[in-house]
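Trainee: I am new to this one and would like to learn how its labels are justified. Could you show it to me and take my questions?

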Amino acid sequence: MAAQTVAPTTDSTTVDLGPAAALSCRECGHRVPLGPVFACEECFGPLEIAYDFSDYDTEELRKQIEAGPANIWRYAPLLPVPADVATKPNINPGWTKLVKADNLARELGVTGGLYVKDDSGNPTHSFKDRVVAQAVEAARAFGYTTLSCSSTGNLAGAVGAAAARAGFRSCVFIPHDLEQGKVVMAAIYGGELVGIEGNYDDVNRFCSELIGDPAGEGWGFVNVNLRPYYAEGSKTLAYEICEQLGWQLPDQLVIPIASGSQLTKVDKGLQELIKLGLVEDKPYKIFGAQAEGCSPVSVAFKGGHDVVRPQKPNTIAKSLAIGNPADGPYVLDVARRTGGAVEDVTDEQVVDAIKLLARTEGIFAETAGGVTVGVTKKLIENGLIDPAKSLVVLNTGDGLKTLDAVAETGLTATIRPTLESFREAGLAQ
Ligand SMILES: *Cc1c(COP(=O)(O)O)cnc(C)c1O
């Protein structure tokens with residue numbers, strides 16, 4: 001762990017990252033100045049951003065947010081970014097739709113209000129644009145010129161696009177056998193895209209080595225050495241959901257888990273809104289969703305363990321296929337503290353759930369969304385989700401990137417261009 005950082009070209013005492021005050025260890029609380037570091041020098045625990053929110057007037061803040069741009073930067077006062085962030089070249093994700101899903105609610109028997117937060121509407125069609133937009137601002141502040149990442153697919157596309165727009169070089173790493181939609185989406189923006197012979201955990205290990213080597217010198221890995229900043233982007237999901245519900249906490253949320261970062265930061269975002277007085281304090285439950293073929297956190301939760309035992313992933317939900325999730329233990333904490341749960345579904349249930357969401361709400365989710373909707377259904381059936389309380393389900397990606405999963409879907413009939421042929425096909429009223 002000697003080389004836990006790449007020397008930034010900017011003195012970290014002079015960086016302007018708005019309300020971010022320091023980096024703080026999630027394990028021992030040790031604080032260090034803002035910089036491109038991600039592991040505690042005392043205990044090697046993961047670092048996260050600490051803020052000084054003491055001098056905010058709640059009503060002023062609410063007004064400022066509501067007058068802000070229709071993207072994540074409306075929450076700039078709560079993020080590690082300079083106040084003038086909206087003037088910088090950035091893909092500006094966020095403010096995606098919160099869809100009231102009444103048809104799906106009817107199918108699932110939910111009466112307390114069911115919403116789908118649809119992040120397929122982001123610039124590169126996944127939630128990853130939120131975290132990358134944050135990392136870009138940190139990379140800019142620290143003087144990096146190359147952006148990189150280890151990715152299960154969506155992150156590579158988000159980094160490619162954000163780098164193109166913001167004027168960085170990009171070189172990203174993915175498992176070599178991803179869906180074509182993910183590969184093309186990552187390559188099209190003109191950066192370098194490298195397939196690694198191995199799974200995501202191999203890719204991630206490789207990137208950790210590269211960071212400590214002169215070959216990776218000066219590179220900002222959005223989900224490694226910039227991870228504390230990157231992770232904060234997920235808080236914007238919590239902020240948007242609450243603002244779109246009229247500054248209210250939902251009772252229950254279902255969130256997919258890959259590394260588990262998104263789930264833990266949505267919780268952090270909700271806690272901040274409570275602390276700032278922007279929402280009324282009341283209990284909420286956070287549920288985590290995994291695919292059975294990569295369910296290390298779900299297995300640990302159901303077994304009552306604190307330790308997440310790594311798995312070798314084998315599932316169609318490739319964007320969630322992280323066998324050794326960095327935030328796994330923190331996800332267990334959040335699920336247990338809030339009275340939620342972590343559950344998993346089979347690949348067959350993932351496909352059924354993709355079709356269910358499409359058929360009821362006109363939303364075509366990628367396999368990760370199928371995991372989340374499938375787990376939601378299962379948790380309602382086994383009584384862990386209360387159908388009489390409000391429920392927000394996160395759709396984090398777009399079905400056009402994972403067409404193979406539903407490849408048997410297609411033409412209802414092929415006919416000659418005649419009415420006779422149409423009638424023969426049995427499609428007339
Ligand atoms: C990366 C990803 C997730 C989960 O991300 P983590 O923060 O690593 O848990 C969920 N859905 C999609 C579509 C993703 O690409």
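Mentor: We will talk about the ligand and then about a sheet, keeping in mind that this is a predicted model.

Trainee: Which residues come nearest to the ligand?

Mentor: The ligand has 15 residues around it, and Lys128, Ser259, Gly260, Gln262 and Thr396 come nearest.

Trainee: What makes the pair between Lys128 and the ligand a polar contact?

Mentor: An N or O atom in the Lys128 side chain is 2.8 Å from an oxygen atom of the ligand. The cut-off for a pair of N or O atoms is within 3.5 Å, so this pair counts as a polar contact. Ser259 brings a polar side-chain atom to 2.6 Å from a ligand oxygen, while Gln262 uses a polar backbone atom, 2.8 Å from an oxygen atom of the ligand. The protein covers 98% of the 380 Å² of accessible area that the ligand has on its own.

Trainee: How many residues of the shell are nonpolar, polar and charged?

Mentor: The shell has 6 nonpolar, 7 polar and 2 charged residues. Lysine counts as charged, so Lys128 belongs to the charged group.

Trainee: Now the sheet. Why are β2 and β3 said to stand at the edges?

Mentor: The open sheet has 3 antiparallel strands in the order β2-β1-β3. β2 (31-32) and β3 (47-51) each have a single partner strand, so one side of each is left without a neighbour in the sheet.

Trainee: How do you know that β1 and β2 pair?

Mentor: Pairing needs at least two bridges, and 2 bridges join β1 (residues 20-25) to β2, so these antiparallel strands pair. Leu23 has Val32 in β2 as its bridge partner.

Note on methods:
Residues are numbered from 1 along each chain as its sequence is written. This is a predicted model: local features need pLDDT of at least 70, side-chain atom pairs count only at pLDDT 80 or more; totals for chains, interfaces and linings use all residues. Side-chain values use heavy atoms; hydrogens and water are left out. A residue is near a molecule or strand if one of its heavy atoms lies within 4 Å of it. A polar contact is a pair of N or O atoms within 3.5 Å; within protein, one must be able to donate a hydrogen and the other to accept it, and residues adjacent in sequence count only if both atoms are side-chain atoms. Accessible areas come from the Shrake-Rupley method with a 1.4 Å probe; for residues, only the protein chains shown count as cover. Helices (H or I, at least four residues) and strands (E, at least two) are DSSP runs, numbered from the N terminus.
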